[in-house]
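Colleague: Got a minute to go through the ligand site and a pocket with me?
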Amino acid sequence: MNAPYDCLVIGGGPAGLTAAIYLARFRRRLALIDAEESRARMIPLSHNFPAWPEGISGVELLSRLKQHAQRYGVTAIPMTVEHLAANTDGHFTARARDLEIHAKTVLLATGTVDIEPPLPNPQGATRDGYLRYCPVCDAYEVIDRRVAVIGWNDRAVREALFLRTFTAALTLLTLGHEPGFSDPNRENAARAGIAIVAEPIHRIGFEQAQVTSLYGANGKIYRFDAIYAALGCRNRCDLAVALGAEHDAEGGLKVNAHMQTTVPGLYAAGDVVSALNQISVATGQAAIAATAIHNRLRD
Ligand SMILES: Cc1cc2nc3c(=O)[nH]c(=O)nc-3n(C[C@H](O)[C@H](O)[C@H](O)COP(=O)(O)OP(=O)(O)OC[C@H]3O[C@@H](n4cnc5c(N)ncnc54)[C@H](O)[C@@H]3O)c2cc1C
């Protein structure tokens with residue numbers, strides 16, 4: 001068996017790449033495996049990542065992080081880790097196709113996946129900025145615009161109420177689903193002047209650059225400047241859960257102050273952790289996790 005790596009980083013988004021930079025600069029021997037589906041690649045232009053006053057696209061940010069990691073000799077292996085086992089000696093063994101990797105510690109930075117609304121070409125609409133997922137990220141950009149929120153449960157009402165700080169022109173679209181809003185949330189929505197459209201949408205069209213037209217079943221056309229999907233996420237926490245790591249109801253991994261999961265030696269950072277899904281949080285958590293891993297190995 002080859003000598004184990006000091007750390008295996010699984011996931012090469014902002015969290016995994018930041019951890020890789022830190023670990024390499026701590027002179028640790030590491031492997032980075034990435035399935036190349038970072039949520040960040042969907043960001044048309046982020047305006048809330050500090051030190052980029054003109055904004056930065058997700059693709060550009062990932063490219064800069066990769067260049068930064070390469071400067072210290074780290075290049076991601078483009079594969080998906082399918083299986084992770086905890087060995088009796090406290091180390092880990094990961095399998096990706098026919099590749100087997102042994103590591104003293106593992107940092108899971110596998111992120112989360114947004115549940116897409118049943119509209120045509122949601123990925124293209126996201127990259128073009130018509131469809132959004134994260135009011136914390138970009139509600140500032142829709143001040144006083146006409147905004148729709150897609151969803152049929154209380155999560156959608158909460159997201160619409162969050163957006164009320166930025167615009168009064170808010171509509172909840174249930175796309176024909178029976179609204180499952182609780183009575184208090186329905187009252188909150190009414191009090192905030194949020195309209196509810198429950199009819200199915202048959203077609204979506206874009207006009208005048210940023211205006212999105214949704215064609216209702218009865219021929220009515222609804223026009224919005226931005227549409228947010230509030231259908232939740234699927235956390236990519238399976239590898240950790242299979243080892244018995246604790247998580248919250250939405251699959252967010254529970255970690256301690258050093259970003260260690262409830263499995264000794266298994267750390268986590270970024271969207272896969274139970275916390276605010278933001279680039280700044282992901283990179284901050286990665287810095288904490290990498291430093292904790294280095295200190296653990298030093299001891
Ligand atoms: C449209 C959109 C706009 C956004 N705008 C902003 C913004 O303006 N500001 C902001 O702060 N945040 C924004 N975000 C959120 C931001 O993208 C995430 O918080 C950030 O990407 C989280 O980084 P991460 O490294 O945890 O996960 P990710 O970036 O998702 O990276 C996870 C990586 O792990 C890989 N992976 C998963 N499973 C495996 C496996 N088993 N084996 C190997 N690799 C695996 C994936 O392929 C992926 O490359 C936005 C998100 C979206 C969708």
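Modeller: Sure, let's take the ligand and then the second largest pocket. This is a predicted model, where local features need pLDDT of at least 70 and side-chain atom pairs pLDDT 80 or more, while totals for chains, interfaces and linings use all residues. Residues are numbered from 1 along each chain as its sequence is written, and side-chain values use heavy atoms, with hydrogens and water left out.

Colleague: Which residues come nearest the ligand?

Modeller: D34, E37, S38, N48 and I279, out of 35 around the ligand; being around it takes a heavy atom within 4 Å.

Colleague: And which polar atoms does I279 bring to a ligand oxygen?

Modeller: A backbone N or O atom of I279, 2.8 Å away. The side chain of D34 also has an N or O atom 2.6 Å from a ligand oxygen.

Colleague: How much of the ligand does the protein bury?

Modeller: 97% of the 1,000 Å² that the ligand exposes when taken alone, by the Shrake-Rupley method with a 1.4 Å probe.

Colleague: Nice. Switching topic, how much space lies in the second largest pocket?

Modeller: About 710 Å³, a volume being the space filled by probe spheres set on grid points joined across faces, edges and corners. A pocket here is an open set of points on a 1 Å grid over the protein atoms alone, where a 1.4 Å probe fits, with protein on both sides within 12 Å along at least five of seven lines; lining residues have an atom within 4 Å of a point.

Colleague: What lies nearest its centre?

Modeller: R155, E159, C233, E250 and N277, from a lining of 29 residues.

Methods
A polar contact is a pair of N or O atoms within 3.5 Å; within protein, one must be able to donate a hydrogen and the other to accept it, and residues adjacent in sequence count only if both atoms are side-chain atoms.
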